[in-house]
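Here is a short, friendly briefing to read alongside the sequence and the model. Keep the 3D view open as you go through the points.

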Amino acid sequence: MNKPLLFGWTLRRILYFVIGAWAAIQSALDQQWLLMGIGLYFVAMAVFRLGCAGNQCSVQTTKKDNYAG
């Protein structure tokens, strides 16, 4: 269970985690609860590999030969 959480961290996941944690902490200190939730959303994206952090936003292309000759 811990193996996916500890390994396979990309630069994008690290940035999501760091910026999300910073936003959540700063929002909590300023008592801006809605913004804290947004920061925690980005932390969750990084930790659980959700959304673009898990490469779900990339478009897969396949080569197709559309030429008859």
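**Helix 3 and its surroundings**

Helix 3 covers residues 33-48, and at 1.5 Å a residue its 16 residues should span 22 Å; the C-alpha atoms at its ends are 22 Å apart, so the expected and computed spans agree. Please bear in mind that this is a predicted model. The points below start with the two sides of this helix, then move to helix 2 and finally to the protein overall.

**The two sides of helix 3**

- Four residues of helix 3 to look for are Gly39, Val43, Met45 and Ala46, which are buried.
- These residues take up an arc of only 155 degrees around the axis, which means that they sit on the same side of helix 3.
- A general point helps here: an α-helix has 3.6 residues a turn, so residues three or four places apart point the same way.
- Turn to the other side of helix 3 and you will find Trp33, Leu34 and Phe48, which are exposed.
- Part of the cover over the buried residues of helix 3 is provided by helix 2 (11-29).
- Just after helix 3 comes Arg49, and its phi is positive, near 55 degrees.

**Helix 2: a buried serine and an exposed isoleucine**

- Is Ser27, a residue of helix 2, buried or exposed?
- Ser27 has a relative accessible area of 9%, and because buried means under 20%, Ser27 counts as buried.
- If you set aside the neighbours within four places in sequence, the residues in contact with Ser27 are Gln32, Leu35 and Met36.
- Ile19 is also part of helix 2, but here the relative accessible area is 52%; because exposed means over 50%, Ile19 counts as exposed.
- Ile19 belongs to a nonpolar patch on the surface, together with Leu11, Ile14, Leu15, Phe17 and Val18.
- Together, the residues of this patch have about 560 Å² of accessible area.

**The protein as a whole**

- How many helices and strands does the protein have? There are three helices and zero strands.
- Read from the N terminus on, the order of elements is α-α-α.
- The protein has 69 residues, and 16% of them count as buried.
- Taking contacts between residues at least 6 apart in sequence, 49% join residues at least 24 apart.
- The accessible surface of the protein is about 6,000 Å², and carbon and sulfur atoms account for 64% of that surface.

Definitions and conventions. Residues are numbered from 1 along each chain as its sequence is written. This is a predicted model: local features need pLDDT of at least 70, side-chain atom pairs count only at pLDDT 80 or more; totals for chains, interfaces and linings use all residues. Side-chain values use heavy atoms; hydrogens and water are left out. Helices (H or I, at least four residues) and strands (E, at least two) are DSSP runs, numbered from the N terminus. The expected span of a helix is 1.5 Å times one less than its number of residues. Buried means under 20% relative accessible area, exposed over 50%, partly exposed in between (1.4 Å probe, protein chains only). The arc is that of the directions from the helix axis to the C-beta atoms. Contact means heavy atoms within 4.5 Å. Patches are made of residues with over 30% relative accessible area and no salt bridge: like charges are joined within 9 Å, nonpolar side chains (Val, Leu, Ile, Met, Phe, Trp, Tyr) within 5 Å. Accessible areas come from the Shrake-Rupley method with a 1.4 Å probe; for residues, only the protein chains shown count as cover. A salt bridge is a side-chain nitrogen of Lys or Arg within 4 Å of a carboxyl oxygen of Asp or Glu.
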